[in-house]
Amino acid sequence: MTAAGGTTPYQGTGNFNRTAGTYSFTVTDANGCMATKSITITEPSVLSASATSTTILCNGGTSTVSVTATGGTSPYQGTGNFNRTAGTYSFTVTDANGCMATKSITITEPLLFDVFADASPILCNGGMSTVTLTGQGGTSPYHYANSFFDIFTEISLPAGPYSFTVTDAHNCIASTQITVTQPSFFDVFADASPILCNGGL
């Protein structure tokens, strides 16, 4: 606060710290004459940061985090799109005046998608085994060939090696292999010694 005119020295001049608002300042000169001045101090709105993330569909994937800011004084630093894996992250936005706002976000992901195969024993050569595919993790329902299943599905197969590729509801892929075994071919043989005399054995 400064003054001009009147008779120096003045009382009420100088520097004053004030928050936003309207204030009146009165200055008095050496003769007791007074002058009053009102002033309104403004401030920016509160700087705020926000963050949104896209969904991770498959375990081990990435999410796009969009960080934005409102309030304060633009332009901002620290806004934009960021690729992140699952976890908890903090993003700090700074406005043109150096004011800062921080926003935390937690990104989740599905459990690891896996599939397992188990085969029932083939009891006789040439028989069939029931192969059970069991899915876990990921996002059900799971899909194999033309079937959808929530936990497991059964397939009837002869002996041999097999590979299975299963997808979950988000087309995440899991694979497994199994070899179905069977007993060797069962056979029986007969051999007869000759009868040397009629009626013999």
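Here are some questions and answers about this predicted model.

Q: What makes the protein chain more spread out than a compact globule?
A: Let's set two values side by side. The radius of gyration is 42 Å, and the globule rule gives 17 Å for 201 residues. The value is well over the rule, so the chain is more spread out than a compact globule. The spans of the C-alpha trace along its principal axes, about 165 × 25 × 20 Å, belong to the picture too.

Q: Which elements make up the protein chain, helices or strands?
A: The chain has 14 strands and zero helices. Reading from the N terminus, you meet one β after another.

Q: How do you know that β8 and β9 are paired?
A: Pairing asks for at least two bridges between two strands. Six bridges join β8 to β9 (residues 129–136), so the two strands count as paired. They run antiparallel. You can look up one bridge yourself: Asp118 has Thr132 in β9 as its partner.

Q: Why are β8 and β12 called edge strands?
A: The sheet has three strands in the order β8-β9-β12, and it is open, with antiparallel pairing. Both β8 (114–119) and β12 (152–157) pair on one side only, and they are the edge strands. From one strand to the next, the twist averages 20°.

Q: What makes a group of residues a nonpolar core?
A: The members must be buried residues of nonpolar kinds such as Val, Leu and Phe, joined through side-chain atoms within 4.5 Å. The largest such core here has 15 residues, and Phe113, Leu133, Phe164 and Val166 touch the most other members. Two or more residues come from each of β9, β12, β13 (160–167) and β14 (173–180). With three residues, β14 gives the most. A second, separate core of 12 residues includes Ala51, Phe91, Ala101 and Ile107.

Q: Which residues is Phe113 in contact with, leaving aside its neighbours within four places in sequence?
A: Contact needs heavy atoms within 4.5 Å. Phe113 has such contacts with Gln136, Gly137, Gly138, Tyr142, Val166, Thr167, Asp168, Cys172, Ile173 and Ala174. One of these, Val166, is also among the core members that touch the most others.

Q: How many of the residues in the protein chain, as a percentage, are buried?
A: To be buried, a residue needs under 20% relative accessible area. Buried residues make up 22% of the 201. As for the surface, the chain exposes about 13500 Å², and carbon and sulfur atoms supply 54% of that area.

Methods
Residues are numbered from 1 along each chain as its sequence is written. This is a predicted model: local features need pLDDT of at least 70, side-chain atom pairs count only at pLDDT 80 or more; totals for chains, interfaces and linings use all residues. Side-chain values use heavy atoms; hydrogens and water are left out. Helices (H or I, at least four residues) and strands (E, at least two) are DSSP runs, numbered from the N terminus. Axes are lines fitted to C-alpha atoms, for helices over the stretch in contact, and angles run from 0 to 180 degrees between N-to-C directions. Buried means under 20% relative accessible area, exposed over 50%, partly exposed in between (1.4 Å probe, protein chains only). The radius of gyration is taken over C-alpha atoms; the globule rule is 2.2 Å times the number of residues to the power 0.38. Accessible areas come from the Shrake-Rupley method with a 1.4 Å probe; for residues, only the protein chains shown count as cover.
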